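Biologist: I would like to take a close look at one part of this model, the place where the ligand sits, and then hear what you can add about charged pairs elsewhere.

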Amino acid sequence: MKIGITCYPTYGGSGVVATELGKALAQRGHQIHFISYALPIRLDSMTGDVFYHEVEMSQYPLFDFPLYTDSLASKMVDVAKYHDLDVLHVHYAIPHATSAFIAKQILAPSKDLKLITTLHGTDVTLVGLEPSFLPLVKFSIEQSDYVTSVSQFLQMKTYTMYNIQREIQVIPNFVDTEKYARRENLEFKLRIAPQGEKIIIHVSNFRAVKRVPDVIRVFDLIRKSIPSKLILAGDGPDRSESEKLARELGLYEDVRFLGKQTHLPEILSASDLMLMPSQSESFGLSALEAMSCSVPVVSSSIGGLPELVVHGETGYIAELGDVQRMAKYAIELLSDDRKWVMFSQNARKRAVEKFDVNLVVPIYEKLYEEALNESRIPLSVK
Ligand code: GMT
């Protein structure tokens with residue numbers, strides 16, 4: 001199939017999922033066309049039949065703000081027409097599903113371009129609820145040929161918050177469990193924890209919903225019981241506040257801010273525990289990547305996290321903001337080697353058995369095939 005994929009190209013989880021999906025589909029013999037305003041961050045190698053089409057933004061002085069929805073729709077029309085796309089799969093509803101709807105309508109007289117929208121999280125639970133977006137998001141979801149969400153939590157939220165009557169299929173996020181496998185790099189481990197301290201990790205884009213200050217507070221409590229170090233991978237608006245808090249609590253020496261990272265499997269492989277105390281998380285892709293590297297996760301009980309982290313088996317979940325309990329669970333796990341090994345194995349097993357790329361990508365393939373089988377006859381040949 002010839003598949004167009006639109007996503008945010010930056011560090012957000014939806015862009016990562018979209019890019020990994022495109023790469024996996026290309027490996028399975030499909031032709032993939034990424035359409036975005038910049039090269040998706042994980043599109044590091046163009047192996048397979050992969051194309052990238054950059055959306056050009058008009059700089060006309062009359063426009064005080066970028067007309068991205070329109071430019072994107074035009075690029076979608078162009079790519080779908082000249083590369084004869086079968087399917088356009090957009091990730092994150094705003095504004096991608098709206099641009100795709102416009103493109104679909106423009107092409108309708110000559111081509112029945114199938115439109116799949118995957119909902120990822122804040123497009124539905126936060127930004128989409130703003131009054132300026134809500135009617136558009138609801139309309140775009142309703143007009144897509146197929147809609148998927150990355151967790152049952154998000155599916156239910158979309159049904160209830162937008163009063164959506166149509167079917168939304170849950171297709172969970174996935175991980176390449178061969179790439180994300182524990183391969184310990186002793187040199188890196190010793191650089192972070194020279195005395196054999198435990199290594200706690202947090203990976204995020206440091207937005208308020210990730211509650212990075214909670215990570216620091218939990219670590220403060222762990223460190224009082226167990227010699228440990230904290231790695232913070234990623235960057236974003238809350239980084240300075242988090243650095244300040246680490247200094248105020250007197251633990252800056254034990255915290256390593258790594259900034260944005262592309263070689264996560266190596267970093268995760270050195271880690272003993274991941275903390276994800278998020279306030280909103282429809283799935284928690286970073287937690288899955290950690291689990292695939294045999295790292296147990298202590299998270300909040302928010303959103304789709306309980307669908308991923310099995311309490312008492314692959315990690316623990318605690319009430320949002322309950323740093324004491326999160327620390328208690330972490331200490332329990334890190335101070336009992338036998339328990340840690342069991343949780344670590346369970347985490348890996350769950351990633352491999354439920355969320356492996358080779359299990360999930362065929363579900364998307366099947367969806368595309370189903371959409372194409374429903375093709376109507378284009379108006380021009382009726
Ligand atoms: O929160 C982020 O990191 C960005 C956001 C996005 O859409 O780029 O992530 C959402 O999608 C990810 C991939 O499906 C999920 O793993 C995240 O849980 C979800 N974030 C939220 O719901 C806050």
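Biologist: How far is an oxygen atom of the ligand from an N or O atom in the side chain of Asn173?

Modeller: In this model, which is predicted, the distance between an oxygen atom of the ligand and an N or O atom in the side chain of Asn173 is 2.8 Å. Two further contacts help to place the ligand: a polar atom in the side chain of His120 is 2.6 Å from a ligand oxygen atom, while in Leu285 the atom concerned belongs to the backbone, where an N or O lies 3.0 Å from an oxygen atom of the ligand. Taken on its own, the ligand has 490 Å² of accessible area, and the protein covers 93% of that.

If we now step back to the whole shell, 19 residues surround the ligand, and the ones that come nearest are Ser14, His120, Asn173, Arg207 and Glu281. Sorted by class, this shell has 11 polar residues, five nonpolar ones and three charged ones. Helix α1, which runs over residues 13-27, supplies the largest share, namely three residues. The shell also draws on both domain 1 (2-174 + 357-372) and domain 2 (186-354), with at least three residues from each.

Turning to the charged pairs, a general point comes first: side chains of opposite charge can pair when their charged atoms come close. The model has 26 salt bridges in total, and a few of them can be followed in detail.

In one of them, Glu243 and Arg247 meet with N and O 3.4 Å apart; because the two residues are four apart in helix α9 (residues 239-248), about one helical turn separates them. Their surroundings can be described as well, since Glu243 is buried at 13% relative accessibility, whereas Arg247 is partly exposed at 48%.

Another pair is formed by Lys328 and Glu332, whose N to O distance is 3.5 Å, and these residues too are about one helical turn from each other because they stand four apart, here in helix α13 (residues 323-334). Lys328 is partly exposed at 44% relative accessibility, and Glu332 is partly exposed at 29%.

Asp235 forms a salt bridge with Arg239, with 3.1 Å between the closest N and O atoms, and Asp235 is partly exposed, its relative accessible area being 29%. Finally, salt bridges can also join into a network, as they do for Glu20, Lys23, Arg42 and Glu289.

Terms used:
Residues are numbered from 1 along each chain as its sequence is written. This is a predicted model: local features need pLDDT of at least 70, side-chain atom pairs count only at pLDDT 80 or more; totals for chains, interfaces and linings use all residues. Side-chain values use heavy atoms; hydrogens and water are left out. A residue is near a molecule or strand if one of its heavy atoms lies within 4 Å of it. A polar contact is a pair of N or O atoms within 3.5 Å; within protein, one must be able to donate a hydrogen and the other to accept it, and residues adjacent in sequence count only if both atoms are side-chain atoms. Accessible areas come from the Shrake-Rupley method with a 1.4 Å probe; for residues, only the protein chains shown count as cover. Ala, Val, Leu, Ile, Met, Phe, Trp, Tyr, Cys and Pro count as nonpolar, Asp, Glu, Lys and Arg as charged, and the others, Gly among them, as polar. Domain bounds come from an automatic or database domain assignment. A salt bridge is a side-chain nitrogen of Lys or Arg within 4 Å of a carboxyl oxygen of Asp or Glu. Buried means under 20% relative accessible area, exposed over 50%, partly exposed in between (1.4 Å probe, protein chains only).
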